[in-house]
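Biologist: I am new to this model and would like a close look at one part of it, with the surroundings explained along the way. Could you walk me through it?

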Amino acid sequence: MSEHFDAIVIGMGTGGEATAYRLLAGGKRIAVIEKELIGGECAYWACIPSKTLLRSTEARAEAERTAGLTRPGLEWTTLRDYRDFMVRHLDDTGQVDGLRKLGATVIKATARLVGPGKVEVQGRTLTADHVVIATGAAPSHLSIAGLADVPVWTNRQTTTLTRIPERVTFLGGGATGIELGHFLTRMGSQVTIVQRGSRLLDREDPALGDLIAELLTADGIDVRTGVRAHTVRRVSGRRGEEIVVELDDGTTVDTDVLVNATGRTPCTASLNLEAVGVRPGSRGHIEVDENCRAGDGLWAVGDVTGVALFTHVATYQGRVVADNILGRPRVADYTAVPRVVFTQPEIAAVGLTPASARGQGIDIVASTLQLADEIARPYTYETDPYGTFTLIADRRRRTLVGAWAVAPLAGEWINTAALAIRHHLTIDDLADGIVQFPSYTEALTLAADKLVSQLQ
Ligand SMILES: Cc1cc2nc3c(=O)[nH]c(=O)nc-3n(C[C@H](O)[C@H](O)[C@H](O)COP(=O)(O)OP(=O)(O)OC[C@H]3O[C@@H](n4cnc5c(N)ncnc54)[C@H](O)[C@@H]3O)c2cc1C
Ligand SMILES: NC(=O)c1ccc[n+]([C@@H]2O[C@H](COP(=O)([O-])OP(=O)(O)OC[C@H]3O[C@@H](n4cnc5c(N)ncnc54)[C@H](O)[C@@H]3O)[C@@H](O)[C@H]2O)c1
């Protein structure tokens with residue numbers, strides 16, 4: 001017997017949850033299907049544990065840079081227990097019960113499409129007016145000789161670790177490698193980051209990549225850019241079993257733990273997409289239109305769409321899809337999605353990079369501030385003040401198109417720049433702002449003011 005629903009959500013990470021809760025609030029009868037834990041990657045193995053772990057190392061380093069404070073102790077076992085609490089001890093009973101109380105049918109198993117509006121799970125066939133795919137992404141496959149013979153960690157083993165390894169090597173210098181590498185170096189591990197691209201965070205402004213490499217190197221990380229691992233071997237060394245990573249510049253890295261942080265690929269293999277006539281795009285993603293629609297009565301949200309692999313984007317798309325299903329037509333607008341790497345200091349970017357702006361034919365004008373030379377807050381905040389901020393504007397329209405910062409709390413105050421870009425504020429609007437003194441956000445007004453002068 002088939003069971004019919006208004007909507008079925010496949011995958012209950014952030015994107016699936018955002019869709020499901022909004023549909024439930026809108027009075028829809030829904031089924032949600034999750035093969036692992038309701039809450040998905042972010043809640044258990046990504047954003048939440050990584051930010052929880054990083055906060056203690058950040059607070060300790062901040063104390064060292066604050067007048068009158070000395071280095072506080074850091075108890076790994078207490079931090080580890082708090083991390084376990086924050087990831088709900090990898091138990092989603094509360095989430096399952098909560099959804100059931102709201103009226104959802106919750107199924108913990110792998111779902112498979114068997115036709116338009118038809119989903120097979122645990123031998124049952126469910127039908128629905130709408131099917132929402134929210135199956136996320138998984139670590140990309142690595143092709144390196146010898147890899148099958150050595151243990152390779154992903155973000156999952158790294159964020160759930162119980163012991164701090166002596167030596168850790170990250171393949172990949174994106175947000176995952178930088179955040180988790182930064183945490184581990186501050187916990188005493190000897191960390192190496194092997195980055196194929198010529199810079200860390202290679203989709204950002206090159207100036208940002210250079211700055212981060214300097215900061216991470218100063219923190220003790222061995223940053224190797226423009227190189228690739230071609231072979232890995234397990235050997236018996238002085239300290240017992242170890243892994244030797246051979247790089248294509250002729251150098252090697254000896255390590256205890258090897259982490260694949262080379263990016264993520266959308267999860268579609270288990271879905272049987274052919275049944276609904278969908279072929280994954282070039283990056284393995286499900287292509288969606290401006291409403292996040294992948295076909296008739298078929299929608300996709302989150303990492304599986306390959307749009308921008310962030311929790312806030314998955315949540316946003318979930319709201320867009322739910323509103324469309326609820327009969328409130330809504331278009332997704334990805335202008336000014338903030339991108340923050342939670343190191344200390346934080347690395348934050350939003351909008352276009354200078355290269356992407358030029359690629360769109362925009363004549364740009366930029367202003368870079370060394371914050372300690374320009375505003376008071378860095379001095380009241382820390383004894384060794386630090387921070388760089390760049391604002392990028394469209395010369396002709398005078399609107400803001402991009403910004404980045406490497407500075408304390410940048411992940412918070414970059415959101416003001418995000419709002420300004422999203423709502424097409426001009427540099428004149430920003431320069432006319434009255435901003436709390438002393439705050440890091442003052443940099444935004446000051447940089448805008450400098451751009452106004454530059455354009456006179
Ligand atoms: C280390 C790390 C740190 C991160 N930190 C941040 C951060 O600080 N901020 C931020 O914005 N983003 C961060 N991200 C990115 C963020 O985790 C993802 O963008 C987000 O989790 C995507 O949510 P999602 O719902 O699309 O997918 P997921 O959370 O991956 O959920 C997909 C779900 O679908 C389930 N599923 C898959 N196939 C099926 C099937 N056939 N049937 C049933 N269920 C299925 C999976 O089990 C999974 O639970 C981080 C990522 C990593 C790796
Ligand atoms: N704070 C956050 O919001 C946060 C934190 C972590 C991850 N994420 C998101 O999760 C997604 C995955 O992050 P990620 O850092 O794993 O991937 P990524 O794609 O952002 O970065 C991977 C990096 O690895 C490099 N690389 C690829 N193949 C390589 C190889 N064989 N050897 C060495 N380097 C190689 C690439 O040049 C790239 O710079 C991203 O979209 C990211 O934005 C977000």
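Which residue has a side chain joined to that of Arg71 by a polar contact of 3.3 Å?

Modeller: Happy to help! The partner is Glu64: its side chain and that of Arg71 are joined by a polar contact of 3.3 Å. A polar contact here is a pair of N or O atoms within 3.5 Å; within protein, one atom must be able to donate a hydrogen and the other to accept it, and residues adjacent in sequence count only if both atoms are side-chain atoms.

Before going on, a word about the model: it is predicted, so local features need pLDDT of at least 70 and side-chain atom pairs count only at pLDDT 80 or more, while totals for chains, interfaces and linings use all residues. Residues are numbered from 1 along each chain as its sequence is written, chains are lettered from A and ligands numbered from 1 in the order in which they are written, and side-chain values use heavy atoms, with hydrogens and water left out.

Now back to Arg71. This residue is found in the loop between α3 (47–64) and α4 (76–86). Helices (H or I, at least four residues) and strands (E, at least two) are DSSP runs, numbered from the N terminus. Apart from its neighbours within four places in sequence, Arg71 is in contact (heavy atoms within 4.5 Å) with Arg60 and Glu64. Ile10 is 61 residues from Arg71 along the chain, and 47 Å separates their C-alpha atoms.

Following the chain onward, Leu90 is found in the loop between α4 and α5. Leu90 has a positive phi of about 55° although it is not a glycine. Most residues other than glycine have a negative phi, and most peptide bonds are trans. Leu90 counts as partly exposed, at 37% relative accessibility; buried means under 20% relative accessible area, exposed over 50%, and partly exposed in between (1.4 Å probe, protein chains only).

Next is helix α5 (residues 93–101), whose buried residues are Gln95, Val96 and Leu99. Seen down the axis of α5, these buried residues fall within an arc of 100°, so they line one face of the helix; the arc is taken from the directions from the helix axis to the C-beta atoms. An α-helix has 3.6 residues a turn, so residues three or four places apart point the same way. The buried residues of α5 pack against α1 (14–25), β2 (30–33), α2 (40–45) and β3 (105–107). Just after α5, Gly103 takes a positive phi of about 105°.

The helix α3, which comes before the Arg71 loop, also leads us to ligand 1. This ligand is surrounded by 35 residues, the closest being Gly15, Glu34, Lys51, Asp303 and Thr311; a residue is near a molecule if one of its heavy atoms lies within 4 Å of it. Oxygen atoms of ligand 1 lie 3.5 Å from a polar side-chain atom of Glu36, 3.0 Å from a backbone N or O atom of Glu41 and 3.4 Å from a polar backbone atom of Leu309. On its own ligand 1 has 990 Å² of accessible area, and the protein covers 93% of it; such areas come from the Shrake-Rupley method with a 1.4 Å probe, and for residues only the protein chains shown count as cover. Two or more residues of the shell come from each of α1, α2, α3 and α9 (311–325).

What about ligand 2? It is surrounded by 22 residues, with Glu179, Gln195, Asp202, Arg203 and Val340 the closest. A nitrogen atom of ligand 2 is 3.0 Å from a polar backbone atom of Arg196, and an oxygen atom of this ligand is 3.2 Å from a polar backbone atom of Ala175. Taken alone, ligand 2 exposes 840 Å², of which the protein buries 83%. The elements giving two or more residues to its shell are α7 (175–186) and β10 (190–195), and α7 provides the largest share, three residues.

Finally, two bonds to look for further along the chain. Gln344 and Pro345 are joined by a cis peptide bond, with omega about 5°, and Pro345 sits in the loop between β19 (339–341) and β20 (346–351). Another cis peptide bond, with omega about -15°, joins Phe437 and Pro438; Pro438 is in the loop between α14 (427–431) and α15 (442–454).
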